[in-house]
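The following exercises concern side-chain pairing, burial and chain geometry. Please examine the sequence and the structure before working through the solutions.

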Amino acid sequence: MSAYPAWTPASRPGIIPLHPLAFGTILGKSFAALRQNPRVLLGFALCVQTGAYLLLLVAIGAIAFASFSRLDTVRPGTDEYEAIAAGSTAITLVAGVVLALAVGVLSVIVQGIVVSEVAHAAVAEKLTLGALWRRVRPVVWRLIGYTLLLLLITVVAIALVGGVLFAIGVASPPAAAALIVLVVLGAIPLGLWLSTKLLLAPAAIILEKAAVFGAIARSWTLIRGRFWPALGVIVLISLVFGVVGQVVGIPFTIIAAGFGTVIAPTGDPGATGIVALIVTGLLTQAVTLLIQSMALIVQATAAALIYIDCRMRREGLDLDLLAYVERRDAGASGLPDPYTQGVGRSFVRPAPVGVPYGAAAYGPPAGYPHLPQNTPVAYGAPAGPGAYAPAPGGHPPAPSAYPQTPGGFAPPPAAPPYAAYPPPPGATPAPPAPQAPAETGAPAPDPNAPQPTQWAAPGRPAGDADREHPWS
């Protein structure tokens, strides 16, 4: 006795369809992760960004206080005072830049959490912050090391280029000024190119557990062929949040200026004006941190989606994800991570079979004499003799075997008279049916005479209409 397999529901869809993604899908779904799990993503990003901002303010304030406090030991206006003031300013600026770069490393932790969340949301899984952190924690030092490596390379490159320009400026200031303009203009496309080529390295570290240099090589390979869509998505997201930040910051700037004018019209704000300005400044910073956190989440989501799309196209990741979803929904447990399956394999996706993109979706069937073959007929266009136009979203009518006339379709031909099938080879043909002899001199039937009733009860033959019922 055989048992039928248990019924399982269809695979639940995630935030993206499990097939290669188009440009608009990546751009639109970059905002879906924030809507999918806002409490975890936005809350964690806000906490990290706020903590980093406060740490930066406290560190820079302490360094500035320690450096500028030495001015109290010298007399103002002396050369020693000017030297200490210049040195304190330089120390504070350098410390601010270094600390800002160091604190910016914390944002890579947010990126790791977002990438892990998007990877699970693609297969319709929603994890808690603790579960996401347990996935990211083994590779968090690789993420930090990767970010520090990029910062080190950037600082060294800037120092070398700055030193060369300074040396040229000492010899020829006009030439140095022209070179500075060229370097700045050339740094913009170079930075965009390098940032796009290395865009997928954090995702490779998190999802594939790759090493730092291995992740760089993976990103360089995966992005090949999808460079321009990835660049377009990142640039558009940056422009959107840049415009949003400017638009939101304008009202707070106007409010702060209004407070200063109303409270201190003579220029001396006093205690109340200072408090009002501080409160306004804090509100401005709070809104700025919120926008920065959202931008960080959306950009990290876009990077994760681009990584998934590139692996679908090059390595068939969508097949692994579909198999994982089907087995999971069927009740299987202990499944391997689909993102670690088939890493680096060669996959050739078969070309789709059908009408090529840009070709006419419909055309007149073969055999229409009034239209040439493969001539498209647009929906809504005035139809010619016998022409047709498919309904929106529908299918074209099936080709007709009937000829056409200027007024439309010709009526179907009359059915041919019945002809018996020819006998098989070697068989004796059946004799013709005997014909009844024609009676001569019989009167012609009267067409107005009543006809006999041939009605019979349902289920009884017509010849039994005059018989008596067996139970009557």
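**Exercise 1. Classify Gln111 as buried or exposed, and list its contacts.**

Step 1. Gln111 has a relative accessible area of 18% and is therefore buried, where buried means under 20% relative accessible area, exposed over 50% and partly exposed in between (1.4 Å probe, protein chains only).

Step 2. The residue Gln111 belongs to helix H5; helices (H or I, at least four residues) and strands (E, at least two) are DSSP runs, numbered from the N terminus.

Step 3. With residues up to four places away in sequence left out, Gln111 touches Pro202, Ile206 and Ala300, contact being heavy atoms within 4.5 Å.

Basis of the values: the model is predicted, so local features need pLDDT of at least 70 and side-chain atom pairs pLDDT 80 or more, whereas totals for chains, interfaces and linings use all residues. Residues are numbered from 1 along each chain as its sequence is written, and side-chain values use heavy atoms, without hydrogens and water.

**Exercise 2. Determine how many salt bridges a search of the whole structure finds, and analyse the one between Glu125 and Arg328.**

Step 1. The criterion is a side-chain nitrogen of Lys or Arg within 4 Å of a carboxyl oxygen of Asp or Glu. Searching the whole structure with it yields ten salt bridges.

Step 2. Between Glu125 and Arg328, the N to O distance is 3.1 Å.

Step 3. This pair links distant parts of the chain, 203 residues apart: Glu125 is in the loop between helix H5 (107–121) and helix H6 (129–136), and Arg328 is in helix H13 (residues 317–329).

Step 4. Glu125 has a relative accessible area of 15%, so this residue is buried; Arg328, at 16%, counts as buried too.

Step 5. Arg328 also forms a salt bridge with Asp329, with the closest N and O atoms 3.2 Å apart. Both Asp329 and Arg328 are buried.

**Exercise 3. State which parts of the chain the salt bridge of Glu208 and Arg311 ties together, and which network contains these residues.**

Step 1. In the salt bridge of Glu208 with Arg311, the closest N and O atoms are 3.7 Å apart.

Step 2. Because Glu208 lies in helix H9 (residues 201–208) and Arg311 in helix H12 (residues 270–315), the pair ties together parts that are 103 residues apart in sequence.

Step 3. Glu208 is buried at 13% relative accessibility, and Arg311 is buried at 0%.

Step 4. Through salt bridges that share partners, Glu208, Arg218, Arg311 and Glu315 are joined into one network.

**Exercise 4. Classify the ring pairs Phe31 with Phe241 and Phe227 with Trp228.**

Step 1. A pair of aromatic rings is described by the distance of the centres and the angle of the planes. Rings of Phe, Tyr and Trp (its six-membered ring) pair if their centres lie within 6.5 Å; planes under 30 degrees apart count as stacked, over 60 as edge-to-face and the rest as tilted.

Step 2. The whole-structure search finds three aromatic pairs. For Phe31 and Phe241 the centres are 6.2 Å apart and the planes at 20°, so this pair is stacked.

Step 3. Phe31 lies in the loop between helix H1 (23–29) and helix H2 (32–36), and Phe241 in helix H11 (residues 227–263), so parts 210 residues apart in sequence are tied together. Phe31 is partly exposed at 33% relative accessible area, whereas Phe241 is buried at 13%.

Step 4. Phe227 and Trp228 form an edge-to-face pair, 5.1 Å centre to centre with 85° between the planes. Phe227 is buried at 15%, whereas Trp228 is exposed at 66%.
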